[in-house]
Amino acid sequence: MAQKKPRQKPLKLKDIQKTYEKMNTYKTHILNEEDNTVIKYYEIFDNKKIEELLKQLFNSIQFDNEHKINFFNEDEKLVQYIMFLILKNFTNLDKEIPEELDAQIPIFNQIISVGLFEEMFNNVFPPEQVSLVLERVGNFANLANQAALIQLETRQNISKSVQSPVIKKKLEEGLFDAKV
């Protein structure tokens with residue numbers, strides 16, 4: 001016999017508020033029982049914080065490119081950095097870790113060295129929440145790639161219709177990049 005579905009109930013404002021409160025309440029994880037060292041973390045990741053993480057990632061990549069730091073030369077480093085931003089944004093360390101990439105790099109390395117990185121991602125953060133962030137990063141990257149392709153295609157179409165050799169050369173050199 002088929003089981004009946006529960007009766008549908010409309011979403012109410014109090015349901016949203018309850019979810020929001022749960023989302024913005026720290027849970028506590030004991031890192032060291034001997035000295036009672038704990039880290040506080042969010043079990044459910046707030047969409048606004050994920051958006052902020054995406055902005056931080058974009059700004060860090062831009063800073064890396066502008067200052068030729070070459071921190072993101074390897075794909076593995078980029079993925080680790082995204083995980084670092086998850087750790088930063090969804091724990092009580094958020095206020096202590098600076099926003100600037102050059103100041104974050106030593107902290108990033110220290111967090112990995114002391115085992116906090118592994119502990120948080122193996123035993124603390126819910127995998128579905130981490131996956132949600134990684135999916136959003138992937139979507140963001142796809143949109144950025146699509147925008148770049150559209151910009152390139154537009155530049156090529158304009159270049160075909162331009163008669164002036166000077167303007168055509170500048171288009172080909174990319175001097176008329178659109179500011180987003």
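In this predicted model, the side chains of Arg136 and Glu51 come together in a salt bridge, with a distance of 2.0 Å from N to O. The pair links distant parts of the chain, since Arg136 belongs to helix α6 (residues 127-161) and Glu51 to helix α2, with their positions 85 residues apart. Glu51 has a relative accessibility of 36% and therefore counts as partly exposed. Across the whole structure, a search finds five salt bridges, and several of them are described below together with the fold and two helix packings.

**Salt-bridge network**

- Lys88, Asp94, Lys95 and Glu99 are linked to one another in a network of salt bridges.
- Within this group, the side chains of Lys88 and Glu99 meet at 3.0 Å, N to O; because Lys88 lies in helix α3 and Glu99 in the loop between α3 and α4 (101-113), the pair ties together parts of the chain that are 11 residues apart in sequence.
- The two partners differ in their surroundings: Lys88 is buried, with a relative accessible area of 0%, whereas Glu99 is partly exposed, at 43%.
- Asp94 forms a salt bridge with Lys95, and the closest N and O atoms of this pair are 3.7 Å apart.
- Here too the exposure is uneven, as Asp94 counts as buried at 14% relative accessibility, while Lys95 is exposed, with a relative accessible area of 74%.

**A buried acidic residue without a salt bridge**

- Asp46 is found in the loop between strand β2 (37-42) and helix α2 (47-66).
- Although Asp46 is buried, it has no salt bridge, and the nearest side chain of opposite charge, that of Lys48, is 6.6 Å away; a salt bridge would require a distance within 4 Å, so Lys48 does not qualify as a partner.
- When neighbours within four places in sequence are left aside, the residues in contact with Asp46 are Tyr20, Met23, Asn24 and Phe90.

**Packing of α3 against α5**

- The axes of helix α3 (residues 75-89) and helix α5 (residues 116-124) come within 11 Å and cross at roughly 75 degrees, which means that α3 is roughly perpendicular to α5.
- On the α3 side the contact is made by Gln80, Met83, Phe84, Ile86 and Leu87, and on the α5 side by Leu116, Phe117, Met120 and Phe121.
- Sorted by class, the residues of this contact comprise eight nonpolar, one polar and no charged residues.

**Packing of α2 against α4**

- Helices α2 and α4 pack at an angle of about 105 degrees, and their axes are 10 Å apart; this angle makes α2 roughly perpendicular to α4.
- Ser60, Phe63 and Asp64 of α2 make the contact with Leu101, Asp102 and Gln104 of α4.
- In terms of residue class, this contact has two nonpolar, two polar and two charged residues.

**Overall fold**

- The protein chain has seven helices and two strands, and when read along the sequence these elements follow the pattern α-β-β-α-α-α-α-α-α.
- Of the 180 residues of the protein chain, 29% count as buried.
- Among contacts between residues at least 6 apart in sequence, 58% join residues that are at least 24 apart.

How values were computed
Residues are numbered from 1 along each chain as its sequence is written. This is a predicted model: local features need pLDDT of at least 70, side-chain atom pairs count only at pLDDT 80 or more; totals for chains, interfaces and linings use all residues. Side-chain values use heavy atoms; hydrogens and water are left out. Helices (H or I, at least four residues) and strands (E, at least two) are DSSP runs, numbered from the N terminus. Buried means under 20% relative accessible area, exposed over 50%, partly exposed in between (1.4 Å probe, protein chains only). Lys and Arg count as positive and Asp and Glu as negative; His and the chain ends are not counted. Contact means heavy atoms within 4.5 Å. Axes are lines fitted to C-alpha atoms, for helices over the stretch in contact, and angles run from 0 to 180 degrees between N-to-C directions. Angles under 35 degrees count as roughly parallel, over 145 as roughly antiparallel, 65 to 115 as roughly perpendicular and the rest as oblique. Ala, Val, Leu, Ile, Met, Phe, Trp, Tyr, Cys and Pro count as nonpolar, Asp, Glu, Lys and Arg as charged, and the others, Gly among them, as polar.
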